[in-house]
Amino acid sequence: MYRVGIIGLGSIAARYSNPSDPHPYCHTGGIRQCEATDLVAVADLSEDRKTEFKETWGPGFPDQSINYYDTDAEMLENEDLDIVSVCVRGPYHFAVMQNVLKSDVKAIFLEKPAGCSLEEVDQMTVTAAEKRIPIIVDYSRHWAPHLLRLQELVAEGLVGQVKSVIGYCPATILSFAIHNTDMICQFAGYDPMSVSAHINQGGGQVPEGYEPEPSIIGSIIHFQSGIQGFHVGEHGTKGAFSVDVLGTEGQLRTGYSRSATALHDKDGKLVDNTTLGLPTNQSVFKIAYQQIADYLEGGDLPHCSRNNYIAVNEIGFATIESGLIGQTIEIPCQERGRLIYANG
Ligand SMILES: NC(=O)c1ccc[n+]([C@@H]2O[C@H](COP(=O)([O-])OP(=O)(O)OC[C@H]3O[C@@H](n4cnc5c(N)ncnc54)[C@H](O)[C@@H]3O)[C@@H](O)[C@H]2O)c1
């Protein structure tokens, strides 16, 4: 069993679900359902959050099996952890990751957005590579079982040669729409070349040194493979976190909701979904933790690690840069210091 510690006991760590949820959408629920992982420690600055966690999740774990800490540093100093899950808000990722990367952890599951600037993400990535610690960024919808299967089927030619992938998500670029950026890459590939975007600049008070986080109106992502990605933001009419995959032999519509999946052949005829053999729903967190555990057993790198999160993150920051200066931005983005208050 791999020993897991969570830093930050907020919504995504624990509050979006509870132990009775069959498909929990949170780290704690996923770790609990994954047969290869044990939750042994949690840390949060807030007493209220720890108390709430103990009351909600305590009964879902063996008695006294979880140790509670006030800070990430205290937990890392006192525990021997295999996997650390970083679930604090974006502007705190960099500082917490510095601490985690000093420890002897074997894998880090980092919440999106990876960081608030490309420089932050570069530094984490370099240190992690030196220490051979994989960082897996949680674009959580990626691990929906039907999406993982459709990703394989599309790679095997389900819609022929993929020409375009259109993603729909009206939201702030790094904090929310980044899930959709990953979903576009899930079907288009992780080899982006340039981005041309229109954005809403965003506003409100942000801490000194930061710029407000913009939201996306629309963008075009050019991939080295020749595939075009289109991110439809605020002008989109479809629900968030969905994609259309347009190929030479057909068109696939899918998204986080399994029931949204519809395949049309090249003559426009709807294909019976049951022929796709799509797996049933499971907790995306359970699947992600299982992939991390499989990797630690000598298996493949988990999805959303290394080149994959780097590509998604580059697209996110290139989208902002393109929107702000009104030009197409080549990837890797030259401007790496722009600090965005990605606090979602
Ligand atoms: N994958 C998803 O679908 C999804 C959904 C929601 C949020 N998120 C991401 O998860 C992250 C957290 O968001 P949230 O809404 O759960 O946040 P939240 O504000 O609900 O909780 C964050 C918690 O971290 C604690 N904290 C901060 N610094 C700490 C430290 N150094 N040591 C210990 N505890 C610390 C805070 O006290 C707080 O309880 C963000 O990066 C956000 O973008 C992802």
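In this predicted model, the ligand is surrounded by 26 residues, of which Gly8, Gly10, Ser11, Ile12 and Glu111 come nearest. Two or more residues of this shell are contributed by each of helix 1 (11-15) and helix 5 (90-102). When the residues around the ligand are sorted by class, 10 prove to be nonpolar, nine polar and seven charged.

Serine 117 is placed in the loop that leads from strand 5 (107-111) to helix 6 (118-130). Because 21 other C-beta atoms lie within 10 Å, and 20 or more are required for the assignment, serine 117 is classed as buried. When neighbours within four places in sequence are left aside, the contacts of serine 117 are with Arg336, Gly337, Arg338, Leu339 and Ile340. Between serine 117 and phenylalanine 94, which are separated by 23 residues in sequence, the distance from C-alpha to C-alpha is 9.5 Å.

Strand 10 (residues 228-232) pairs with two other strands, being joined in the parallel sense to strand 7 (residues 162-168) by five bridges and in the antiparallel sense to strand 9 (residues 215-223), likewise over five bridges. In the parallel pairing, histidine 231 of strand 10 has glycine 167 opposite, while in the antiparallel pairing glutamine 228 of strand 10 is found opposite histidine 222. Strand 9 and strand 10 form a hairpin with four residues between the strands, and within this hairpin glycine 226 adopts a positive phi near 95°.

Notes: Residues are numbered from 1 along each chain as its sequence is written. This is a predicted model: local features need pLDDT of at least 70, side-chain atom pairs count only at pLDDT 80 or more; totals for chains, interfaces and linings use all residues. Two strands pair if DSSP finds at least two bridges between them. A residue is near a molecule or strand if its C-beta atom, placed from the backbone, lies within 6 Å of it. Ala, Val, Leu, Ile, Met, Phe, Trp, Tyr, Cys and Pro count as nonpolar, Asp, Glu, Lys and Arg as charged, and the others, Gly among them, as polar. A residue is buried if 20 or more other C-beta atoms lie within 10 Å of its own, exposed if 12 or fewer, and partly exposed in between; C-beta atoms are placed from the backbone. Two residues are in contact if their C-beta atoms, placed from the backbone, lie within 7 Å.
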